[in-house]
2 protein chains.
Amino acid sequence: MGKGNHMRSVTIDDVAKKAGVSIKTVSRVVNREPNVRAATKEKVELAIKELNYRPNQSARGLAARRSYMIGLLYDNPSPNYLANLQSGVLEACHEKDYGLALNPVSFHDPDLIDTVVHWVRQSFIDGVVVTPPLTDSVPLLNALHAENIPAVVISSRGTGDAPAALIDEEAAAYEMTRHLIGEGHSRIAFIKGHPDHYASGLREKGYYRALREENLAVVPDYVQQGFFDFASGQKAASKLFDLRDRPTAIFASNDDMAAAVIFEAHSRKIEVPRDLAVAGFDDTPLSRQIWPGLTTVRQPIRSMGHQAADVLIDTLSAGKDAGKERRDLTQFDFELKLRGSTARA
Amino acid sequence: MGKGNHMRSVTIDDVAKKAGVSIKTVSRVVNREPNVRAATKEKVELAIKELNYRPNQSARGLAARRSYMIGLLYDNPSPNYLANLQSGVLEACHEKDYGLALNPVSFHDPDLIDTVVHWVRQSFIDGVVVTPPLTDSVPLLNALHAENIPAVVISSRGTGDAPAALIDEEAAAYEMTRHLIGEGHSRIAFIKGHPDHYASGLREKGYYRALREENLAVVPDYVQQGFFDFASGQKAASKLFDLRDRPTAIFASNDDMAAAVIFEAHSRKIEVPRDLAVAGFDDTPLSRQIWPGLTTVRQPIRSMGHQAADVLIDTLSAGKDAGKERRDLTQFDFELKLRGSTARA
DNA sequence: CTTCATGGTGACAGCGCTGTCAATAACCGT
DNA sequence: ACGGTTATTGACAGCGCTGTCACCATGAAG
């Protein structure tokens, strides 16, 4: 039992026969190689559709000496973030007939680099998408480059020669802070993100810039260290609440910490938004599921994942599709999502 | 650029030469096939180690007509649930040198079955792990069986011949309801899950059984339909709150809906747990991030994923590794997580 | 001592696809 | 119309591995 699965599936030969061309021509169409007459291409594409043909990855990999798989490198910062990103990446892979191999690693693993390089070599991974916070490991990025492993990073850091998908985090944080100021707040606290994450600094920078522009003083006590997780958010919130001159608004570097602020506020009977406005960053589902709804910054995570994979795959095929030149990633737009946690008094 | 990675890797021929045997014998050793003399086996294993040989998956897949990959079929019920499950499955795959291919599909897709079968055929997926709610599509399961595609389902339904990973949902709901009763509640409402999900019925059944055992009448108005999503939870909560004889406790069939109940309660100034106790099911991170913390039922999702994949892979290798017999899945334990949302008055 | 079974091994033919290269068709300018 | 290009296509040889089958030892059985 189990061996099963007899039923010869559609091969390139079937398509070739049906379209009345050689298998090589079919191969050309499938791989978007140049120099195929439009009419021929159409015939082949029709046959492909009718037979519902999909190339056999193993055969492809064997012949082309690559796996037609890209890897996703991550260190699960937040399941929501990752799930979104993954689905975007997966979508792109699907469109281009690439496979996706997942590799959860640990940022703090001392032989992170060996692990990754070995993995790529063993699995014949053609290229990798690197996600935060791994994008902030300069050694890792260097190693990938040195090993000649194509990579795209999803990061706000302009990372050397690896194409990057990003939003303007500084501007987003700036806008959010300005929004808070616009709502009449002047005692605005900030909870920083994990110091290892490059994005943390950018968000912080945006916060400062907005204060400066509005001539609001930066109160050192109002800037607390957090680490992007719920618990650190609680701790930071506690400290802020214990201040003699309690802030009227708290801007946390991500939604988890912002939720923690609201959690703490509840337990101290501080009413949000009446006594305290709270804003987050990321627009995770969580921001809609807590009460009151959390004002936050939305980034098109899914699209970013999609495009990152897209660019990576294009780069990989660049050899064949001679026309294509290396496409760098454009910057994505963010959006302020205003919800109950910052509603005007 | 990009093409990179030139470095002829070690092939089976190299190993064969070094060990002084034929490639077929190396293949036998690698695949743990019987009938290789111990001495020969050792020689080969030594050569493998010295050359650091790893079989090329593409070649293997092509020749053996299987991919050494298993598929994960899902219809993203909740990112948290999925992320957990996935990481368990991934772990098992890693241990057994299998790849994981993801396939997000839609439960309501009319040609779900075609899509899936085709995918399996074309990608040469060796077997699939089916997750809820797809596990409730009897046609799908039948099709997998008919098509002779090895599958394990993670479901509470004792699904015919496909091994299943499960917890006793009925008992879990029963325990939770009893807990509520034990806390002094007698007006306990229930929000049902999606009617297409088999688990929904089981949870409901557990609720009824507890009431019956305690001689509490079932109030029809107290049982509302939900669909496992936040919005449906809000709707159901609204209806319950509008009742003249409002329940003092609400048991929702999953955490998302329970969070929605709390959300609605907040917006109506109903205080949890003072005026209302709320319980959920699943122990998603959300249950710890809302205020008050949500009492819920924890299931070892990650372990379930791990074991499901484990069993599947074992089944797949059963053909070669002759000794092994098909191992069925054991039932997993659940656990009541008591938090603030049901704290005693 | 022959006759089988059976353990142990290797030769060989693909698996379905892509790279190479040669063949042919279409097009260019004069 | 002719030589020279360039665009388009196909024949064919593997890629590295496993399945099949044939082969040679052994040892048990007769």
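## Residue classes around DNA strand C

Ala, Val, Leu, Ile, Met, Phe, Trp, Tyr, Cys and Pro count here as nonpolar, Asp, Glu, Lys and Arg as charged, and the others, Gly among them, as polar. In this predicted model, the surface near DNA strand C has eleven nonpolar, eight polar and eight charged residues by that division.

## Contacts with the strand

DNA strand C is surrounded by 27 residues, the closest being Ile12(A), Ser27(A), Tyr53(A), Thr25(B) and Thr40(B). Of the atoms of DNA strand C that come within 4 Å of the protein, 64% belong to sugar and phosphate. A polar side-chain atom of Thr25(B) lies 2.4 Å from a phosphate oxygen of the strand, while the bases are reached by an N or O atom in the side chain of Lys24(A), 2.8 Å from a base nitrogen, and by a backbone N or O atom of Ala63(B), 3.2 Å from a base oxygen.

Helix 2 (23–30) and helix 4 (57–64) of chain A, together with helix 2 (23–30) and helix 4 (57–64) of chain B, each supply at least two residues of this surface, and helix 4 of chain A gives the most, with four residues.

## Aromatic pairs

Over all chains there are ten aromatic pairs. The rings of Phe190(B) and Tyr207(B) count as stacked, because their centres are 4.7 Å apart and their planes stand at 20°. Since Phe190(B) lies in strand 6 of chain B and Tyr207(B) in helix 9 of chain B, the pair ties together parts that are 17 residues apart in sequence.

Phe190(B) also forms an edge-to-face pair with Phe251(B), at 5.5 Å centre to centre and 80° between the planes, and both Phe190(B) and Phe251(B) are buried.

Technical notes:
Residues are numbered from 1 along each chain as its sequence is written. Chains are lettered from A and ligands numbered from 1 in the order in which they are written. This is a predicted model: local features need pLDDT of at least 70, side-chain atom pairs count only at pLDDT 80 or more; totals for chains, interfaces and linings use all residues. Side-chain values use heavy atoms; hydrogens and water are left out. A residue is near a molecule or strand if one of its heavy atoms lies within 4 Å of it. A polar contact is a pair of N or O atoms within 3.5 Å; within protein, one must be able to donate a hydrogen and the other to accept it, and residues adjacent in sequence count only if both atoms are side-chain atoms. Rings of Phe, Tyr and Trp (its six-membered ring) pair if their centres lie within 6.5 Å; planes under 30 degrees apart count as stacked, over 60 as edge-to-face and the rest as tilted. Buried means under 20% relative accessible area, exposed over 50%, partly exposed in between (1.4 Å probe, protein chains only).
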